[in-house]
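Welcome! Take a moment to look over the sequence and turn the model around before reading on.

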Amino acid sequence: MADPVFIAAAVLTVGTAIIALEARELIYGAISLAISMLGIAGFFLLLDAPFVAMFQIAVYVGAVAVLIIFTVMLVRTQALFTTKEDKKRKGAGIALMLIIMSSLGALLLTSGLNGQFGDFNTSPAVDFTEIGEMMLTYYAPALIILGLTLAGSVIAALALARRESISGEEEEQEEERRHHERTT
Amino acid sequence: MSELLDFVILSMVLVAVGIYGLVVKRNAIRMLFSIEIIANAANLLLVAFSRGLPNAQGQVVALFSIAIAAAEVAVGLGLIIVAYRLYKEIDVAELRSMRG
């Protein structure tokens with residue numbers, strides 16, 4: 001049987017994940033997603049992986065959540081409310097979710113997965129010095145490629161999101177004004 | 001006391017929630033949320049099995065996965081901003097009908 005800390009963290013994580021998708025205002029959804037990521041970090045702590053938990057908090061709660069919140073603020077609020085939702089589509093989505101949950105759940109419960117591994121509290125935890133050693137020896141090429149990927153993606157994001165020029169910006173503002181006039 | 005199966009079931013629930021979001025939502029930012037939830041479920045599974053074996057490689061791969069997900073979010077949000085600037089819209093169905 002799962003312990004109460006696990007159940008509390010599970011309810012928090014799944015609940016905030018659902019709120020993130022269902023909140024009326026996108027900004028609350030973004031904050032809720034950050035709390036969900038925090039819950040995942042809590043599970044990493046439960047799994048005796050403090051290093052990964054810290055990484056998770058730094059990257060997801062620190063960087064990704066702030067990035068998403070800034071984007072939500074950049075995108076005009078009016079555009080966020082134009083999304084029309086189909087009732088039928090929503091029902092089908094919930095049905096699909098329940099089908100996935102029940103079928104995979106039944107599969108997992110009959111898989112005998114618990115017999116393979118002992119209780120987490122009795123088996124020894126992974127030492128995080130081992131993670132550092134692996135990253136700098138066996139996984140060193142992957143680490144370098146990862147750094148290049150990160151740099152490339154940041155440059156790509158900048159190139160995508162930058163404004164062309166001042167004159168282009170004026171034109172854009174004009175366009176936006178015209179768009180606004182058309183809509184009102 | 002928590003066991004491996006609890007974590008696997010939790011991860012499965014998170015994936016199901018993420019797939020629900022991807023199927024139902026038409027707002028591009030919300031679809032990005034769904035992708036993040038699914039990626040986090042995968043990370044949770046990696047770390048859980050790493051703890052169960054026990055083997056440090058799962059945690060190393062989880063760290064790489066977190067970093068890649070951060071890069072993916074940066075590019076995804078950049079694309080959303082460009083789409084918004086071009087079409088004044090982030091509804092993916094509307095974007096599809098306005099191509100060309």
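In which hand, left or right, does H1(A) pass H2(A) in their crossing? The crossing is left-handed. Before going further, please keep in mind that this is a predicted model.

## Two helices of chain A

Let us stay with this pair for a while. The axes of H1(A) and H2(A) are 8 Å apart, and the two helices pack at an angle of about 155°. Since angles over 145 degrees count as roughly antiparallel, H1(A) is therefore roughly antiparallel to H2(A). On the H1(A) side, the residues that make the contact include Val5(A), Phe6(A), Ala9(A) and Leu12(A). On the H2(A) side, Gly29(A), Ser32(A), Leu33(A) and Ile35(A) are among them. Sorted by class, this contact of H1(A) with H2(A) has 13 nonpolar residues and seven polar ones, with no charged residues.

Just past H2 of chain A, you can find Asp48(A) in the loop between H2 and H3. Its phi is near 60°, which is a positive value in a residue other than glycine. Is Asp48(A) buried or exposed? Asp48(A) counts as buried because it has 21 C-beta neighbours inside 10 Å, and 20 or more are needed for that.

## The two chains in outline

Now step back and look at each chain as a whole. Chain A has nine helices and zero strands, so its pattern along the sequence reads α-α-α-α-α-α-α-α-α. Chain B has four helices, again with zero strands, and follows the pattern α-α-α-α. The table puts some values for the two chains side by side.

| Chain | Residues in the chain | Buried residues | Share of contacts (separation of 6 or more) made by residues 24 or more positions apart |
|---|---|---|---|
| Chain A | 184 residues | 23% of residues | 48% of contacts |
| Chain B | 100 residues | 59% of residues | 44% of contacts |

What about the dimensions of chain B? Along its principal axes, the C-alpha trace of chain B spans about 55 × 25 × 20 Å. The radius of gyration of chain B is 17 Å, whereas a compact globule of 100 residues would have one near 13 Å.

## Two residues of chain B

Two places in chain B make good stops on a tour. The first stop is Leu45(B), which sits in helix H2 of chain B. Leu45(B) counts as buried, because 20 C-beta neighbours lie inside 10 Å. Which residues does Leu45(B) contact, leaving aside its neighbours within four places in sequence? They are Val8(B) and Ser11(B). From C-alpha to C-alpha, Leu45(B) and Val8(B) are 6.2 Å apart in space, although 37 residues apart in sequence.

The other stop is Arg26(B), in the loop between helix H1 (4-24) and helix H2 (28-52) of chain B. Arg26(B) is partly exposed because 19 other C-beta atoms lie within 10 Å, where 20 or more would make a residue buried. Arg26(B) and Gly78(B) are 52 residues apart in sequence, and their C-alpha atoms are 18 Å apart in space.

## Where the chains meet

How many residues does each chain give to the contact? Chain A gives 74 residues and chain B gives 63 residues. The elements that give two or more residues to the side of chain A that touches chain B include helix H1 (4-22), helix H2 (26-46), helix H3 (50-74), helix H5 (87-109) and helix H8 (140-161) of chain A. The residues on that side of chain A divide into 54 nonpolar, 14 polar and six charged.

One place to zoom in on is the meeting of H7(A) with helix H3 (residues 57-87) of chain B. These two helices pack at an angle of about 65°, and their axes are 9 Å apart. H7(A) is therefore roughly perpendicular to H3(B). The crossing in which H7(A) passes H3(B) is right-handed. Ile131(A), Met134(A) and Met135(A) in H7(A) meet Gln57(B), Gln59(B) and Val60(B) in H3(B). By class, the residues of this contact of H7(A) with H3(B) are four nonpolar, two polar and no charged.

Note on methods: Residues are numbered from 1 along each chain as its sequence is written. Chains are lettered from A and ligands numbered from 1 in the order in which they are written. This is a predicted model: local features need pLDDT of at least 70, side-chain atom pairs count only at pLDDT 80 or more; totals for chains, interfaces and linings use all residues. Two residues are in contact if their C-beta atoms, placed from the backbone, lie within 7 Å. Ala, Val, Leu, Ile, Met, Phe, Trp, Tyr, Cys and Pro count as nonpolar, Asp, Glu, Lys and Arg as charged, and the others, Gly among them, as polar. Axes are lines fitted to C-alpha atoms, for helices over the stretch in contact, and angles run from 0 to 180 degrees between N-to-C directions. Angles under 35 degrees count as roughly parallel, over 145 as roughly antiparallel, 65 to 115 as roughly perpendicular and the rest as oblique. A crossing is left-handed if the near helix is turned anticlockwise from the far one by less than a right angle, and right-handed if clockwise. The radius of gyration is taken over C-alpha atoms; the globule rule is 2.2 Å times the number of residues to the power 0.38. A residue is buried if 20 or more other C-beta atoms lie within 10 Å of its own, exposed if 12 or fewer, and partly exposed in between; C-beta atoms are placed from the backbone.
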